[in-house]
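Biologist: Could you take me through one part of this model in close-up, and then through whatever surrounds it? I'd like the local geometry tied to the rest of the fold.

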Amino acid sequence: MRNSLFDLAPLHRSSVGFDRIFDLLENATRAQSVDSWPPYDTVKLSDDRYRITMAVAGFNREELDIAVQPNLLVVSGERKSAEQEGEFLYRGIASRAFTRRFELADHVKVTSANLVDGLLTIELQREVPESLRPRRIAITSTPTGATLEQSPQRQIESHAA
């Protein structure tokens, strides 16, 4: 058992198939690192559309990498060393490498990524397969008091033996 704010052991004992959810809860309760670079925004555009915007000033397309794994989006960047003219007296523009990880819900897909004016915008869409979407079941009724024996019989075979 990991050190966490909540004891999830009783839930582990009484449920089956929820391991991924418990891992997410335990990961969320762990102390997060204080590294907040590069800054980013996460926006919910609709029930099934999301946008992540990261401030990656100084990085070009070739220095950024976006990888999608099952339920995980990894954005990383590493600047190529460039010859600078002169000596730095103060260096305030961050040029260090970074890696940001975003946990994705089931069926969330990356639809596009765009880099404009130092902002990396990643569009996400939740696409639930048709077989997993809720469906409506028609309810039929039989007349009151009717039983299966009283319902009309269907002839299955056309020939008698």
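Modeller: Let's start at His107, which sits in the loop between β5 (98–103) and β6 (108–116). Before going further, a word on ground rules: this is a predicted model, where local features need pLDDT of at least 70 and side-chain atom pairs count only at pLDDT 80 or more, while totals for chains, interfaces and linings use all residues. Residues are numbered from 1 along each chain as its sequence is written, and side-chain values use heavy atoms, with hydrogens and water left out.

What does the backbone do at His107? Its phi is near 70 degrees, a positive value in a residue other than glycine. That catches the eye because most residues other than glycine have a negative phi. As for cover, His107 counts as partly exposed because its relative accessible area is 29% (under 20% is buried, over 50% exposed, partly exposed in between, with a 1.4 Å probe and protein chains only).

Step on to Val108 and you are in strand β6. Here the picture changes: Val108 is buried, because its relative accessible area is 13%. Leaving aside neighbours within four places in sequence, Val108 is in contact with Leu124, Gln125 and Arg126 (contact means heavy atoms within 4.5 Å). There's a long-range link to look at too: the C-alpha atoms of Val108 and Tyr50 are separated by 9.3 Å, with their positions 58 residues apart along the chain.

Now follow β6 along to its partner. β6 and β7 run antiparallel and are joined by eight bridges (two strands pair if DSSP finds at least two bridges between them). Ala113 has Ile122 of β7 as its bridge partner, and Asn114 stands opposite Thr121 in β7. The hairpin of β6 and β7 has two residues between the strands, and Asp117 there takes a positive phi near 55 degrees.

β7, residues 119–126, has another antiparallel partner in β2, with seven bridges joining the two. Ala55 is one residue to pick out in that pairing, standing opposite Leu119 in β7.

Leaving β2 (49–55) towards β3, you enter the loop that holds Phe59. Is Phe59 buried or exposed? It is buried, because its relative accessible area is 6%. Not counting residues up to four places away in sequence, Phe59 touches Trp37, Leu64, Gly77, Glu78, Arg79, Arg96, Phe98 and Leu115. The C-alpha atoms of Phe59 and Lys80 are 9.0 Å from each other, and the two residues lie 21 residues apart along the chain.

Past that loop comes another antiparallel pair, β3 (residues 64–69) with β4 (residues 72–77), which share six bridges. In it, Ala67 stands opposite Val74 in β4. The hairpin of β3 and β4 has two residues between the strands, and Asn71 is found in the loop there. Asn71 has a phi near 60 degrees, again a positive value in a residue other than glycine.

Let's zoom out and put those pieces back in the fold. The protein has two helices and seven strands (taken as DSSP runs, H or I over at least four residues for helices and E over at least two for strands, numbered from the N terminus). From the N terminus on, the order is α-α-β-β-β-β-β-β-β. Of the contacts between residues at least 6 apart in sequence, 51% join residues at least 24 apart. Val108 and Phe59 belong to the buried set, and buried residues make up 19% of the 161 residues in the protein.

If you go back to the display, begin again at the β5–β6 loop with His107, then trace β6 into β7 through the hairpin with Asp117, cross from β7 to β2, and finish at Phe59 in the loop before β3.
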